[in-house]
Amino acid sequence: MKFKLLIGSVFVLGALQFWNLHLLEQQAEQVDNRLDVLEANFVDTNQKAHIAFELSALNKQQEQDIRAMMLMNPEGINNKGFK
């Protein structure tokens, strides 16, 4: 009788260990998926920051170009554009 109880206990413990391993694998997969999403968001944010930096540099260059044109033509813009 004790032997059957021991065998049954070992079987139940083995089944619980197997189920626990299964749950851990599912959690690891969910974490991996979340990391993929975070990585994609980081790449997207990094690309947006790079684009914003390029636009800022372009705006500064355009401002400098306009100032240079205004210095070349201190009278300003007439109806036909710059003189």
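Helices here are DSSP runs of H or I with at least four residues, strands are runs of E with at least two, and both are numbered from the N terminus. Before you click around, know that this is a predicted model, where local features need pLDDT of at least 70, side-chain atom pairs count only at pLDDT 80 or more, and totals for chains, interfaces and linings use all residues. Residues are numbered from 1 along each chain as its sequence is written, and side-chain values use heavy atoms, with hydrogens and water left out.

Start with the whole chain. You'll find one helix and zero strands. Show the surface: about 8100 Å² is accessible, 65% of it belonging to carbon and sulfur atoms (Shrake-Rupley method, 1.4 Å probe; for residues, only the protein chains shown count as cover). Of the 83 residues, 1% are buried, meaning under 20% relative accessible area (1.4 Å probe, protein chains only).

Next, select F3, L6, I7 and V10. Together they make a nonpolar surface patch with about 420 Å² of accessible area. Patch members have over 30% relative accessible area and no salt bridge; nonpolar side chains (Val, Leu, Ile, Met, Phe, Trp, Tyr) are joined within 5 Å, like charges within 9 Å. L6 sits in helix α1.

Now pick E29, D32, D36 and E39, which form a negative patch. Asp and Glu count as negative, Lys and Arg as positive, while His and the chain ends are not counted; a charge is placed at CG of Asp, CD of Glu, NZ of Lys or CZ of Arg. Zoom in on D36: it belongs to helix α1, residues 2-72, and is partly exposed (between the buried cut-off and the exposed one, over 50%) at 41% relative accessible area.

Last stop: D44 and K48. What do D44 and K48 form? They make a salt bridge, with the closest N and O atoms 3.3 Å apart. The term means a side-chain nitrogen of Lys or Arg within 4 Å of a carboxyl oxygen of Asp or Glu, and the whole structure has one. Both residues lie in helix α1, four residues apart, about one turn. D44 is partly exposed at 34%, whereas K48 is exposed at 53%.
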